[in-house]
Amino acid sequence: MSIHTNRRDFVKMAGLGALGFTILPSLYGKVAASDRVRVAHIGLGGMGNNHMKWFANLPEVEIVALCDVDELHLGETKQRLLTMQPNAKVDTYGDFRQILDRKDIDAITVATPDHWHAQIAALAFQAGKDVYGEKPLSYNLKEGKMMLKNLEKYERVFQMGNQIHAGDNFHRVVEIIKSGAIGKVSTVRLWKTANAKEIGSPVAQAVPKTLNWDMWLGPAPFTEYVPEKCHFTYRYFLDYSGGEFADFWCHIADVVYSALAPTGLKKINARGEAFAGIADAPKTLDVDYEFDNLKILWTMAPPNVPGAAEKGIGAYFEGDRGTLMCDYNTRSITINGETVTDLPTIPITNPRSPGHQQNFVDSVKSRKQPESNLAYAREMTIPMHLGLISYRLKRELTWNAEKEKFVGDKEANRLLSRKPRKKWDLA
C-alpha cells in the first residue's frame with residue numbers, strides 16, 4: 001500500500017490487553033499485499049520490541065525495516081521477528097535517516113530514548129511518513145510545538161504510544177465523569193509509587209564497538225560513555241528524560257485529559273527528592289497544578305484517600321456529589337456513602353478502541369487522526385515539562401497558558417527549549 005496515493009515494569013503491570021493490543025476475530029486471515037501498511041521500527045530496546053511484536057501481529061501490517069544504534073539490539077530484534085515470521089523480508093539500519101529516505105515505507109514507530117522522539121517524528125513527517133511515537137511526546141515544550149507544526153504542514157498522522165488509552169476502563173471512566181454523576185470535579189489526585197533505584201556514581205568506560213554512542217546522544221550534550229546513562233536507565237538523567245515522573249505522567253494524566261480537558265494552567269509547584277549518585281532526574285516528585293476551576297495534584301506516594309494505598313498508580317476525582325478512583329483496569333465510584341464499580345444507568349457513549357496499534361493503522365488508511373493524536377498528546381504533555389522545570393529551579397512558577405510562557409521568569413523560559421548539538425540539529 002502507498003498512502004501517498006491511496007519498562008519493562010509497565011508492560012508487566014498492565015499486560016498486553018490493557019495496553020490496547022487487541023486483535024479482533026474479524027481481522028484474522030490474509031490481507032492483500034497492496035492493502036498492507038509498510039512499517040519500520042526505530043529504537044529496539046524493551047518497548048521497541050513490544051512495538052515490533054504488536055505490529056507483527058496485525059494482518060494489515062508488513063514490517064520491512066528495523067533500526068537501532070546498538071548492533072546487538074538490532075540483531076536480537078531481527079531474530080525475534082524471524083521467529084514470528086520466518087519469511088519476513090526485513091532490512092536493518094543503524095541510522096534512521098536511511099529509513100526516512102525510503103519511499104516504500106508508509107509509517108514508522110519510534111521507541112528511542114526521549115531526547116530523540118521529536119526530531120525523528122518531525123523528520124518523518126517531512127519525509128511523508130506517519131508516526132506511532134512512544135511517550136513522552138517530546139523532550140521539551142518547544143519540540144512538541146515543532147512536531148505539531150510539521151504534522152499539520154505535511155498532513156501526517158500521529159499516535160502517541162500511551163497504550164492504556166485504548167483500554168475499556170479508561171473509556172468508561174470518561175463516560176461516568178462526563179455524565180456529571182459525581183458532580184463538578186474540583187480536584188484530581190494522581191499518583192505513581194516511586195520504584196527508582198540508586199545507580200551510584202559509575203565512571204566513564206570505553207564505548208562498546210557495537211554501539212554508536214555519538215548518535216545515541218544525538219541532540220543531547222556530549223558526554224563520555226557511562227553504561228548507566230544508556231538504554232533503560234537513561235531516564236534518570238535530565239539530559240535525556242525526566243525520571244519516573246516523565247515515564248508515567250501521561251499514562252494516568254491521560255484519563256484526566258480525556259474526561260475533563262483541563263484549561264488555563266496558572267501555577268506549578270514541584271518538590272522532590274534527588275538521587276544520591278550521578279543521576280539528576282528527580283527520584284521522587286510531587287507537583288501541584290492550578291488550572292481554571294481545577295487542581296491536579298501529582299504525588300509519588302498514594303494520597304490519603306480510601307483505597308489508594310493498595311494501588312501503585314491511580315487517579316482520584318473529587319466532585320461535589322461524589323468521588324471516582326481508577327487505575328488502568330479498575331474503578332470505584334462513591335456517591336452518598338455507597339461505593340460501586342459502575343453506574344449502569346449511564347449509557348455507553350464513548351466509542352471503544354479496536355486496539356491502540358490497530359487504531360493507528362486504521363488512521364493511516366483513513367487519514368483521520370487517531371485517539372491519542374499529536375494535538376491531544378501535546379496538551380497533556382505540557383504540564384509534565386513544566387513540573388520538571390519547577391523541580392529544577394526549586395520554586396513555584398506562574399504560567400501564561402495562552403502565550404505558553406512563564407510570567408516574568410527568564411530563567412524558567414529558557415528551559416522550555418534546548419539548542420541541539422550542531423551536528424544533530426536535523427529538524
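**View 1. Trp298 and its partner Trp249, in a predicted model.** Trp298 counts as buried, at 0% relative accessibility. Trp249 gets the same verdict of buried, at 1% relative accessibility. In this predicted model, the two rings have their centres 5.8 Å apart and their planes at 50 degrees, so the pair is tilted. Along the chain, these partners are 49 residues apart: Trp249 belongs to helix 9 (residues 243-260), while Trp298 belongs to strand 10 (residues 294-299), and the pair links distant parts of the chain.

**View 2. Phe125 meets Phe158.** The structure has 19 aromatic pairs in total. In this one, Phe125 and Phe158 sit edge-to-face, with 6.3 Å from centre to centre and 80 degrees between the planes. Phe125 comes from helix 5 (residues 117-126) and Phe158 from strand 6 (residues 158-160), so the pair ties together parts that are 33 residues apart in sequence. Both Phe125 and Phe158 are buried.

**View 3. An aromatic cluster, and two charges over rings.** One aromatic cluster is made up of Trp213, Trp216, Tyr225, Tyr234, Phe237 and Tyr240. Elsewhere, look for charges over rings. Lys192 places its charged end over the ring of Phe248, 4.5 Å from the centre of that ring. Arg418 lies over the face of Tyr139, and here the distance to the ring centre is 3.9 Å.

**View 4. The nonpolar cores, with Ile108 picked out.** Nonpolar side chains tend to be buried together in soluble globular proteins. The largest nonpolar core here has 105 residues, and the members that touch the most others are Ile108, Leu190, Trp249 and Phe317. Leaving out residues up to four places away in sequence, Ile108 touches Ala40, Ile42, Ile99, Leu100, Ile120, Ala124, Lys129, Asp130, Val131 and Tyr132. Another core, of 23 residues, lies apart from the largest one, and its members include Met47, Phe55, Leu81 and Tyr132.

**View 5. Asp95 in its loop.** Asp95 is found in the loop between strand 3 (91-93) and helix 4 (96-100). Is Asp95 buried or exposed? Its relative accessible area is 17%, so Asp95 is buried. The side chains of Asp95 and Arg97 are joined by a polar contact of 2.8 Å. Beyond its neighbours within four places in sequence, Asp95 is in contact with Cys67 and Met215.

**View 6. Cys67 and Cys230, without a disulfide.** The count of disulfides in the structure is 0. For Cys67, the closest cysteine sulfur is that of Cys230, and at 14 Å it is too far for a bond. Cys230, likewise, is in no disulfide, with the sulfur of Cys67 as its nearest cysteine sulfur. Cys67 counts as buried, at 3% relative accessibility. Cys230 is also buried, at 3%.

**View 7. Val64 in strand 2.** Val64 has its place in strand 2 (residues 61-67), and at 2% relative accessibility Val64 counts as buried. Which residues does Val64 contact, leaving aside its neighbours within four places in sequence? They are Arg38, Val39, Lys89, Val90, Asp91, Arg102 and Ile105. For a sense of scale, try Val64 and Arg189: the two are 125 residues apart in sequence, and in space they are 43 Å apart, C-alpha to C-alpha.

Terms used. Residues are numbered from 1 along each chain as its sequence is written. This is a predicted model: local features need pLDDT of at least 70, side-chain atom pairs count only at pLDDT 80 or more; totals for chains, interfaces and linings use all residues. Side-chain values use heavy atoms; hydrogens and water are left out. Rings of Phe, Tyr and Trp (its six-membered ring) pair if their centres lie within 6.5 Å; planes under 30 degrees apart count as stacked, over 60 as edge-to-face and the rest as tilted. Helices (H or I, at least four residues) and strands (E, at least two) are DSSP runs, numbered from the N terminus. Buried means under 20% relative accessible area, exposed over 50%, partly exposed in between (1.4 Å probe, protein chains only). A charge sits over a ring if NZ of Lys or CZ of Arg is within 6 Å of the ring centre and within 35 degrees of the ring normal. A polar contact is a pair of N or O atoms within 3.5 Å; within protein, one must be able to donate a hydrogen and the other to accept it, and residues adjacent in sequence count only if both atoms are side-chain atoms. Contact means heavy atoms within 4.5 Å. A nonpolar core is a set of buried Ala, Val, Leu, Ile, Met, Phe, Trp, Tyr and Cys residues joined through side-chain atoms within 4.5 Å. A disulfide is a pair of cysteine sulfur atoms within 2.5 Å.
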